[in-house]
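Thanks for coming, everyone. I have one structure to walk through today. Please have a look at it first.

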Amino acid sequence: MAATDPVEEASYTSKAVYIETYGCQMNSSDTEVVLAILRKHGYSRTTVPAEAGLILLNTCAIRDRAEQKICGVDLVAGPDAYRDLPRLMAVLQQRQASDAASREGVMNVHLSAEETYADITPVRPVGEKSALVSVMRGCNNMCAFCIVPFTRGRERSRPLNSILNEVRMLSDQGFKEVTLLGQNVNSYADASQGEPAAAPGPAPGRSNPDAFSAYAQGFRSVYVPRRGGSVQFAELLDGVAGVNPEMRVRFTSPHPKDFSDDVLEVIAARPNVCKQLHMPAQSGSTSVLERMKRGYDRPSYDALVAHVRQKLPQVALSTDMIMGFCGETEAEHQCTLDLLERTAYEQAFLFAYSQRDRTTAARHLQDDVAPEVKDRRLAEAIQVFRRAQRRGTQAEIGALHLVLVEGVSRRHIGNAAVLNTAV
Ligand code: SF4
């Protein structure tokens, strides 16, 4: 989160804030938290930059270039420092008042082991029917290519009570869909003290609602999860889905290891939990997965996909995939193409590998796949993904689905407006 430079001195008295948000849903959710914090300090949101006394950019630091760009601005607040924004702004104003020529900025990027913003009610866009609900923050997984554990810190989960209260409020306000958000959302584990609120009863068909959420078969992690006695993701999902059976429930972004049977059983048993799962594979090659420190091999991933499809026959799957990771050979790349072909994802986020400072890969591996090779492999992956996706789409011809109409799309086909819908 960074404040931009061109705020005129006179406009510091303006209490209008303009926030531009880049990146994923976590960033959109963080913007809503920031607005709530600033509102308590008298700020209101404007959508017109020229009216703003304060202009903030909320951007992600996954890619190095974004981080380098924001570090030249007046104020930088990390994801656990939003409560500190009013103080940071006051420090900046004092500094600039005493020395108008000062270009010295202020920064707080300290990470917290506890911050979940559980007591903050996010300020959501007017007219929305779908709400993001943050349930946990941070990640403990330490995948070799990823900067997230360094920029968003360790995993911590928001108490079940506060999540259920927020979802009840959203239901009362007429929201039609909630998306539970977390960097590693299905690692959710609420170990907060005190009795959790009575969640709605377990969904019919769950075999063992009290079971510890073990990892999916064949999956492991570099860290030892301390989840004993905690409320875990299956319980959370079940509780949220039980608030209002007419309100859709989604969640993102999960890790495949945490698709344990009790999570899958809740998804199967609760009609309002959308049968759409993100299962980031990152690569189809066991040897690349080992270098990436993902905690699973290709056969385990394939077995999980088969298991999920057996438990949830109508499920739509999506994935993330990285092309050209350190040392990736043509044979390893072919494994990824094979995975894309066989799994026939409904959606895929495909990237050419770009090295990030401070990660395990940057410290211990060589980014040795030539850029043109990465680009060519990415193009091949896109082609294979699209071909396989088309098969799935054609199989849907004639099928009937209940859809949520979210609004008019910004995209148009000819003279016809396209409605944004979610199946
Ligand atoms: S699980 Fe996701 S967020 Fe966590 S380190 Fe791996 S890629 Fe990054």
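I'll go through the overall makeup, then the cores, a cavity, some backbone points and a few single residues.

Start with a caution: this is a predicted model. The chain has 423 residues, and 50% of them are buried. Its secondary structure comes to 12 helices and 18 strands. Now the contacts. Take those with a separation of 6 or more in the chain: residues 24 or more positions apart account for 78% of them.

Next, the cores. In soluble globular proteins, nonpolar side chains tend to be buried together. How many residues does the largest nonpolar core have here? It has 70. Leu180 and Leu277 make the most contacts inside that core. Helix α6, residues 233–243, supplies the largest share of this core, with 6 residues. Two domains take part: domain 2 (114–274) and domain 3 (279–423) each give this core at least three residues. Apart from this core lies another one, of 23 residues. Ile19, Leu85, Met89 and Tyr117 are among its members.

Let me stay with Leu277 for a moment. I'm leaving out residues up to four places away in sequence. Leu277 then touches Phe251, Phe259, Leu264 and Ile267, among others. Its contacts also include Val308, Leu312, Val315, Ala316, Leu317 and Ser318.

Now the cavities. The search covered the whole structure and found 3 of 30 Å³ or more. I'll take the second largest, with a volume of about 60 Å³. What lines the second largest cavity? The lining includes Ser29, Val33, Thr116, Tyr117, Ile120 and Pro122. Leu132, Val133, Ser134, Arg158 and Glu166 also line this cavity. By type, the lining divides into 6 nonpolar, 3 polar and 2 charged residues. Helix α1 (25–40) and strand β7 (130–134) each supply at least two of the lining residues. The largest share, 3 residues, comes from β7. One name here has come up before. Tyr117 lines this cavity, and Tyr117 also belongs to the core of 23 residues.

Glu32 sits in helix α1 as well. Is Glu32 buried or exposed? Its relative accessibility is 8%, so Glu32 counts as buried. Setting aside residues up to four places away in sequence, Glu32 touches Pro122, Val123, Arg124, Pro125 and Leu132. Two of those, Pro122 and Leu132, are on the cavity lining too.

On to the backbone. Most residues other than glycine have a negative phi, and most peptide bonds are trans. Here are three spots that depart from that. The peptide bond from Thr252 to Ser253 is cis, with omega near 5 degrees. Ser253 lies in the loop between β13 (248–252) and α7 (261–269). Next, Met142. Met142 is not a glycine, yet its phi is positive, about 60 degrees. The loop between β8 (136–137) and α4 (148–151) holds Met142. With 24% relative accessibility, Met142 counts as partly exposed. Then Lys293, another residue other than glycine, with a positive phi near 60 degrees. Lys293 is in the loop between α8 (286–292) and α9 (298–311). Its relative accessibility is 43%, so Lys293 is partly exposed.

Two more residues, and I'm done. Asp261 is in helix α7. Asp261 counts as partly exposed, at 35% relative accessibility. Which residues does Asp261 touch, not counting those up to four places away in sequence? They are His307 and Lys311. Asp261 and Lys311 are 50 residues apart along the chain, but their C-alpha atoms are separated by 9.0 Å.

Last, Tyr345. Tyr345 lies in the loop between α10 (330–343) and β16 (347–352). Where does Tyr345 stand, buried or exposed? Its relative accessible area is 1%, so Tyr345 is buried. Neighbours within four places in sequence aside, Tyr345 is in contact with Ala281, Tyr301, Leu317, Ser318 and Thr319, among others. Its contacts also include Met321, Leu339, Leu340, Phe385 and Gln389. Gly392 is 47 residues from Tyr345 along the chain, and their C-alpha atoms are separated by 8.1 Å. One link back to the core: Leu317 and Ser318 are among the contacts of Tyr345, and Leu277 touches both Leu317 and Ser318.

That's my tour. Over to you.

Terms used: Residues are numbered from 1 along each chain as its sequence is written. This is a predicted model: local features need pLDDT of at least 70, side-chain atom pairs count only at pLDDT 80 or more; totals for chains, interfaces and linings use all residues. Side-chain values use heavy atoms; hydrogens and water are left out. On a 1 Å grid over the protein atoms alone, a cavity is a set of points where a 1.4 Å probe fits but cannot get out, and a pocket is an open set with protein on both sides within 12 Å along at least five of seven lines; lining residues have an atom within 4 Å of a point. Grid points are joined across faces, edges and corners, and a volume is the space filled by probe spheres set on the points. Helices (H or I, at least four residues) and strands (E, at least two) are DSSP runs, numbered from the N terminus. Ala, Val, Leu, Ile, Met, Phe, Trp, Tyr, Cys and Pro count as nonpolar, Asp, Glu, Lys and Arg as charged, and the others, Gly among them, as polar. A nonpolar core is a set of buried Ala, Val, Leu, Ile, Met, Phe, Trp, Tyr and Cys residues joined through side-chain atoms within 4.5 Å. Buried means under 20% relative accessible area, exposed over 50%, partly exposed in between (1.4 Å probe, protein chains only). Domain bounds come from an automatic or database domain assignment. Contact means heavy atoms within 4.5 Å.
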